[in-house]
Amino acid sequence: MNAPVDQRPVAIVSGGSRGLGLALVRDFLERGYRVETFSRSESAELKELRAETDAVAWTALDGTDAAAVEEFVRTAARRHRRVDVLVNNAAVGLEGLLTLTAPAAIDAALRTNLTLPVLLTRACLKPMIARRSGVVINLSSINALRGQTGVAVYGAAKAALDGLTRGLAREVGPAGVRVVSVAPGYFDSDMTAGIGEDQRRRITRRTPLGRLGSVEDVLGVIRFLTSPAAGFITGQTIAVDGGYTC
Amino acid sequence: MDRRETVMAALLEIVNEVAGPVEHLDPDQLLVDGLGLESLHLARLVAVLELELDTDPFSDDVPITGVRTVGDLLDAYDPVAQPRLGAVEPA
């Protein structure tokens, strides 16, 4: 007799070992998803989580290896026979004036922040289109919406992701797949750990809601966007920034 | 079910959605101009078959632009017939 088909939805989260990615992994698990994630190395927290449940799988993967990325998704799709959600979360920060930034560092950042999500999306769209259902969430940034000194390359990659969101929304909407960008403002994370007290005060002053964001603020929006309540939203960039860019 | 039958079954399912009930397809029927399939239908067909057969012949070997008929599609998934569709034959 065949084993019963596992009906739990499947989420793929890139960079799920720490920070927002790890929070996303936990959140999807709490919502009854099976989760596939990858990163270059595994954090102690993720290792602990994997010991508690077999609903999460982690793969050691260098996101700049196109063939490995494709094989990662293919293996996940083969294992679960479905992919319901992809969150393109993995990213690296790159700060500095453009003329003072080494071309190799620019190339590496573009590979992780743009090429990787494009390839992951390409691979994940296949099982989504096959089942005529799915949601792709691209983690953008307010740096894609407003210019900011020192993060031009980072902002350019994120703006490109927003372009991917809009183009793909038209391309795969008729196949029942939604594509949405989420653009967090400054929120407490590894990437903002280096922000000094003065800058933190300046950001808070400029934010209508008067504070920095939290991981929970971003999670709440992704929770909504991946729920049936957001079933008529696609091709948009949702800023989660307390009004910083309004 | 062999590969060609699997491809035909998947194709029939999509053609049924697009053009209404069809029980049989001839190898020389045109996918786009004859059966009314659009590129997204073909993308879905390729995705379904990748899950079924664990292969996507269009990722490397066969140009999708070379697939115009039902027969072309069946050949693309048939390793013996593939060279006819433009795959590079070993020297």
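This tour moves through a predicted model, beginning with the sheet of chain A and ending where the two chains meet.

**The sheet of chain A**

Select the strands of chain A first. Seven of them form an open sheet, with parallel pairing, in the order β3-β2-β1-β4-β5-β6-β7. The edges are β3 (56-60) and β7 (237-240) of chain A, each of which pairs on one side only. From one strand to the next, the twist averages 15°.

Next, display strand β1 (residues 10-14) and strand β2 (residues 34-39) of chain A, which pair in the parallel sense over five bridges. To locate one bridge, select A:Val10, whose partner in β2(A) is A:Arg34. Now add helix α1 (residues 19-30) of chain A, which packs on the sheet and touches β1, β2, β3 and β4 (85-88) of chain A. The direction of this helix makes about 165° with that of β2(A).

**The nonpolar core**

Turn to the largest nonpolar core, a set of 80 residues. The members that touch the most other members are A:Ala11, A:Val73, A:Val87, A:Cys124, A:Ile137 and A:Val182. Helix α4 (residues 103-131) of chain A supplies the largest share of this core, with 10 residues. In soluble globular proteins, nonpolar side chains tend to be buried together.

Centre the view on A:Cys124. Leaving aside residues up to four places away in sequence, A:Cys124 touches A:Ile12, A:Val73, A:Val83, A:Leu86 and A:Val136.

**Chain B**

Hide chain A and show chain B. Chain B has three helices and zero strands, so that its elements run α-α-α from the N terminus on. Of its 91 residues, 25% are buried. Among contacts in chain B between residues at least 6 apart in sequence, 51% join residues at least 24 apart.

Select helix α1 (residues 3-19) and helix α2 (residues 39-53) of chain B: their axes come within 10 Å and cross at roughly 145°. The crossing of α1(B) and α2(B) is right-handed. On the α1(B) side, the contact is made by B:Arg3, B:Thr6, B:Val7, B:Ala10, B:Leu11, B:Ile14 and B:Val18. On the α2(B) side, select B:His41, B:Arg44, B:Leu45, B:Val48, B:Leu49, B:Glu52 and B:Leu53. By class, this contact has nine nonpolar, two polar and three charged residues.

**Where the chains meet**

Finally, restore chain A and select the contact with chain B, to which chain B gives eight residues and chain A nine residues. The chain B side of this contact comprises five nonpolar, no polar and three charged residues.

Definitions and conventions:
Residues are numbered from 1 along each chain as its sequence is written. Chains are lettered from A and ligands numbered from 1 in the order in which they are written. This is a predicted model: local features need pLDDT of at least 70, side-chain atom pairs count only at pLDDT 80 or more; totals for chains, interfaces and linings use all residues. A nonpolar core is a set of buried Ala, Val, Leu, Ile, Met, Phe, Trp, Tyr and Cys residues joined through C-beta atoms within 7 Å. A residue is buried if 20 or more other C-beta atoms lie within 10 Å of its own, exposed if 12 or fewer, and partly exposed in between; C-beta atoms are placed from the backbone. Helices (H or I, at least four residues) and strands (E, at least two) are DSSP runs, numbered from the N terminus. Two residues are in contact if their C-beta atoms, placed from the backbone, lie within 7 Å. Ala, Val, Leu, Ile, Met, Phe, Trp, Tyr, Cys and Pro count as nonpolar, Asp, Glu, Lys and Arg as charged, and the others, Gly among them, as polar. Two strands pair if DSSP finds at least two bridges between them. Axes are lines fitted to C-alpha atoms, for helices over the stretch in contact, and angles run from 0 to 180 degrees between N-to-C directions. A crossing is left-handed if the near helix is turned anticlockwise from the far one by less than a right angle, and right-handed if clockwise.
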